[in-house]
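Student: Could we go through this structure together? I'd like to know where words such as "pocket" and "perpendicular" come from.

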Amino acid sequence: MTSLEDRRTLSDAIAGACKDGVRLHLACEVVGISPRTLQRWRAPQGVREDARPLAARPTPGNALSEQERKQIMAVVNEPRFADVPPARIVPMLADEGVYLASESTICRLLREHGQNSHRGRAKAPSAQRMPTTHVATAPRQVWCWDMTYLPATVVGRWFHLYLIMDLYSRKIVGWEVHDSDDGEHAKQLLKRTALAEDIAQLEHKPVLHGDNGATLKATTVLAMLHWLGVKPSYSRPRVSDDNAFVESLFKTAKYRPQFPSRGFADLAAARQWASEFVHWYNMEHRHSGIQYVTPAQRHSGQDVGILRARDGLYQDAKQQRPQRWARHTRNWDHVAVVTLNPERDQPATVAANLPNLSIKIA
């Protein structure tokens, strides 16, 4: 806002320039205002002060009441939501049949109370470029797997977590922890997972995508893949971000509060932690990539009904207080297609209409 003194100075300068023959719009352009602004400044009694700070600003009709604000803050500060962001609080409440406010409203209230700080140790994700495309429209079409190191309490010693994740549902369909990195472990994990997921009766066997690690490309592993009818797929050499879903899963695991920062005492402790993490991830974790349902719910097909119930809840809330909704309600649509390493829209669109199709892009 321009002060009264500055308004008078600019008005007198423009008036003097116009008296000397300068066009009004050119004089206003030089000082950085429009002729309409100058017209609002001037009054019969002289240049007037900006009245915006003194204007009456009534409370919007759709604003939250003080009681509603207190109720929202009381809920989000419950112990069960202590380490949960609003993006997950909202769908968790929706599953309980409770609607308090939108995600953006809760974020705004947390920000007003100084509680909107980052709650994890991870840095913000960065954009990634992917060269290969695999598309999944149902469970057991595309699997991703990898191995990660779990530190021991003894410096220099590691345990090895082998893990297979279903791309469509994000469910961990197979895992093992060993004290050595060996292709035989990967082979046995493949066999156990194939039996557990009953892929023998599938017409189209899954695609298994992994990195170029020696263990995952061992001769015994390739022989097992051939025997099972599973199609192998590999990341580009010396590129770490072509298997982003599993890498993100490993990051979720290692940034969990339950992950021991000082390492595992022995193999049994590492396996116990892995078992608890897999149960939490599959059965309790509401995944942001699949509309905040659990991987187990999506793997079994329950997510369709859950999302439909959430949408009905939001439609009822909009009907009760329509003045709080500028346009549509929150999008609870079912995620029908999941793409690994999307490079171009056209291949992914074509692949979405075909079962178990993978596209290699040069």
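Tutor: Sure, and keep in mind that this is a predicted model. Let's start with the second largest pocket: its lining has 9 nonpolar, 8 polar and 8 charged residues.

Student: Which residues of that lining lie nearest the centre of the second largest pocket?

Tutor: Tyr 99, Ala 101, Ser 102, Thr 105 and Arg 324 do, out of 25 lining residues. The volume of this pocket is about 570 Å³. Three helices, α4 (66–76), α6 (103–112) and α12 (303–320), each give its lining at least two residues.

Student: What makes something a cavity, as against a pocket?

Tutor: A cavity is a set of points where a 1.4 Å probe fits but cannot get out, whereas a pocket is an open set. By that rule the count here is 1 cavity of 30 Å³ or more. The largest cavity has a volume of about 50 Å³.

Student: Which residues line the largest cavity?

Tutor: Val 90, Leu 93, Ala 94, Val 98, Tyr 99, Leu 100, Ala 101, Ile 106 and Tyr 314 do. Helix α5 (residues 86–95) gives the most to this lining, with 3 residues.

Student: How do you know how many of those count as nonpolar?

Tutor: Check the names against the classes: Ala, Val, Leu, Ile and Tyr are among those that count as nonpolar. So the lining of the largest cavity comes out as 9 nonpolar, no polar and no charged.

Student: Now the helices. Why is α5 called oblique to α6?

Tutor: Their axes are 9 Å apart and the helices pack at about 130°. Roughly perpendicular covers 65 to 115 degrees, and roughly antiparallel needs over 145, so an angle between those ranges counts as oblique. That makes α5 oblique to α6.

Student: Which residues make that contact of α5 and α6?

Tutor: Pro 86, Ala 87 and Val 90 of α5, along with Glu 103, Ile 106, Cys 107 and Leu 110 of α6. They divide into 6 nonpolar, no polar and 1 charged. As for handedness, α5 passes α6 in a right-handed crossing.

Student: What makes α7 roughly parallel to α8?

Tutor: Helix α7 (residues 183–197) and helix α8 (residues 219–228) pack at about 15°, with axes 8 Å apart. Angles under 35 degrees count as roughly parallel, so α7 is roughly parallel to α8. Their crossing is right-handed.

Student: And which residues do the touching there?

Tutor: From α7 you have Gly 183, Glu 184, Ala 186, Lys 187, Leu 190, Lys 191 and Ala 194, and from α8 Thr 220, Val 221, Met 224, Leu 225 and Leu 228. By class, that is 7 nonpolar, 2 polar and 3 charged residues.

Student: Last pair: why is α9 called roughly perpendicular to α10?

Tutor: The axes of helix α9 (residues 244–254) and helix α10 (residues 267–283) cross at roughly 115° and come within 11 Å. Roughly perpendicular runs from 65 to 115 degrees, so α9 is roughly perpendicular to α10. The crossing of α9 and α10 is right-handed.

Student: Where do α9 and α10 meet?

Tutor: Leu 249, Thr 252 and Ala 253 in α9 meet Trp 273, Phe 277, Trp 280 and Tyr 281 in α10. That contact has 6 nonpolar residues, 1 polar and no charged.

Methods. Residues numbered from 1 in each chain as written. Predicted model: local features only at pLDDT ≥ 70, side-chain atom pairs only at ≥ 80, totals over all residues. Heavy atoms only, no water. Axes fitted to C-alpha atoms, helices over the stretch in contact; angles between N-to-C directions. Helix = DSSP H or I, 4+ residues; strand = E, 2+ residues; numbered from the N terminus. Left-handed = near helix turned anticlockwise from the far one by under 90°. Contact = heavy atoms within 4.5 Å. 1 Å grid on protein atoms, 1.4 Å probe; cavity = no way out; pocket = protein on both sides within 12 Å on 5 of 7 lines; lining within 4 Å. Points joined across faces, edges and corners; volume = space filled by probe spheres on them.
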